[in-house]
Amino acid sequence: MPAGVSAYTALANVTLGSSAASVTFSSISQAYRDLVLVSTGTATSNSWQVSMRFNSDSGSNYTDVYMLGTGSSALSASGTFSAIDISFFRSSVTSGATNIFDYSATNKHKTLLTRYDNASDATVARASRWANTAAITSFVLFNGSGGSEQFAAGTTFALYGVSA
Amino acid sequence: MTLISTVTAGSGGAASLSLTSIPQTFTDLFLQVSCRAATAPTTTILMYVNNNGASIYSQRNLDGDGATTGSNSASSASGFVIAANGSGQTANTFGNASVYIPNYTGSTNKSISVDSVLENNATSVLMRLTAGLYASTTAITQLDFLYASGNLAQHSTISLYGITKGSGGASVS
């Protein structure tokens, strides 16, 4: 690792052996500056947004702005929600990475930058904020679009800590 | 994240930059790319996986050029296209890209995520986000970068990193 470049430390990982409705990372170590979540996966059926919620907070405390390219058009939108979207799963594989900055700080709202890609669908960049100063100790990933569709077997979520 | 290898074009440039015999001991690959064409005006560089020029690459791009945004795509292409500097951009500037390839040893098609920029001290610039796919179930052991014509300029460089995921630590319901 070159000097001056922050190192990734593997914190947790799950590869689904069968379909699942949600994945939870809890008791997250507070020893790092940032978190990076790498996701690679598919949906059991249909297409839906993969949403993230911190510390069991289901209030309308999440805001974001995104830009998206479908291959034929580009668009951007923003809003306030009860969770943050960090990917879009469908039958073909979507991969992405979410950077969660200063997650252990207790004096600032939490900012996220997310990139996710599906070569059959779109490329997306998203900036998000959790309007809460609490340190992030857990988060859950789930189908934010509603319905009964789940994460398909083989879906992987890997969590890394980044040192300052 | 572990540095696997760095390749750099020396004096006179290089026809290609290649990363070969990529170890199969990591989970994901990450590349930092800094390239400029020696003589060609082309503002894209081609990436080939496993020296494979078959028509199995596809991608969707989101572009911003400082004035407008747009989106375009390619399918059944014979190489993966990444924004990079041509010889016409401002002297001493290089195009840069970050490339992420998850699960590169797996037996599924390979996703490729790229953030790239064409550097230029002028109004004509480009920032590009790319969703890519290499439609092959073969593990990735080699990556080659080259311009469609001409050499890469001296000092073009590519660093390859390996990332190893952890185990456990999450609950499933």
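**A two-chain assembly of strands**

Val23(A) stands opposite Val172(B), a residue of β13(B). In this predicted model, the pair belongs to a junction in which strand β2 (residues 22-25) of chain A and β13(B) run antiparallel, joined over three bridges. Strands of a sheet pair through backbone hydrogen bonds, in either the parallel or the antiparallel sense.

The contact between the two chains involves 39 residues of chain B and 39 residues of chain A. On the side of chain B that touches chain A, two or more residues come from each of β1 (2-8), β5 (57-64), β6 (69-77), β9 (110-118), β10 (126-134) and β13 (170-172) of chain B. By residue class, this side of chain B comprises 11 nonpolar, 24 polar and four charged residues.

Chain A contains zero helices and 12 strands, and its pattern along the sequence is accordingly written β-β-β-β-β-β-β-β-β-β-β-β. The radius of gyration of chain A is 15 Å, which agrees with the value near 15 Å for a compact globule because the chain has 164 residues. The C-alpha trace of chain A extends over about 40 × 35 × 35 Å along its principal axes. Of the 164 residues in chain A, 45% are buried. When contacts in chain A between residues at least 6 apart in sequence are considered, 75% of them link residues at least 24 apart.

Eight strands of chain A form an open sheet with antiparallel pairing, in the order β1-β12-β3-β8-β9-β10-β5-β6. The edges of this sheet are β1 (8-15) and β6 (74-81) of chain A, each of which pairs on one side only. From one strand to the next, the twist averages 15 degrees. Within the sheet order, β9 is followed by β10; strand β9 (residues 110-118) of chain A and strand β10 (residues 122-130) of chain A are paired in the antiparallel sense over nine bridges. One of the bridge partnerships places Asn118(A) with Ala122(A) in β10(A).

Chain B has zero helices and 13 strands, and from the N terminus its elements read β-β-β-β-β-β-β-β-β-β-β-β-β. The radius of gyration of chain B is 16 Å, close to the 16 Å given by the globule rule for 173 residues, so chain B is as compact as a globular protein of that length. Taken along the principal axes, the C-alpha atoms of chain B fill a box of roughly 50 × 35 × 30 Å. Buried residues account for 43% of the 173 residues in chain B. Among contacts in chain B with a separation of 6 or more, 76% are between residues 24 or more positions apart.

Two residues of chain B illustrate local surroundings. Met1(B) is located in the segment before β1 of chain B. Met1(B) counts as buried because 20 other C-beta atoms lie within 10 Å. The C-alpha atoms of Met1(B) and Ser71(B) are separated by 32 Å, the two residues being 70 residues apart along the chain.

Tyr48(B) is situated in strand β4 (residues 44-49) of chain B. Tyr48(B) is likewise buried, because 20 other C-beta atoms lie within 10 Å. Leaving aside residues up to four places away in sequence, Tyr48(B) touches Gly53(B), Gly79(B) and Asp144(B). Between Tyr48(B) and Gly70(B), which are 22 residues apart along the chain, the C-alpha separation is 25 Å.

Terms used
Residues numbered from 1 in each chain as written. Chains lettered and ligands numbered in written order. Predicted model: local features only at pLDDT ≥ 70, side-chain atom pairs only at ≥ 80, totals over all residues. Helix = DSSP H or I, 4+ residues; strand = E, 2+ residues; numbered from the N terminus. Rg over C-alpha atoms; globule rule 2.2 N^0.38 Å. Buried ≥ 20, exposed ≤ 12 C-beta atoms within 10 Å, placed from the backbone. Contact = placed C-beta atoms within 7 Å. Nonpolar A, V, L, I, M, F, W, Y, C, P; charged D, E, K, R; others polar. Pairing = 2+ DSSP bridges. Axes fitted to C-alpha atoms, helices over the stretch in contact; angles between N-to-C directions.
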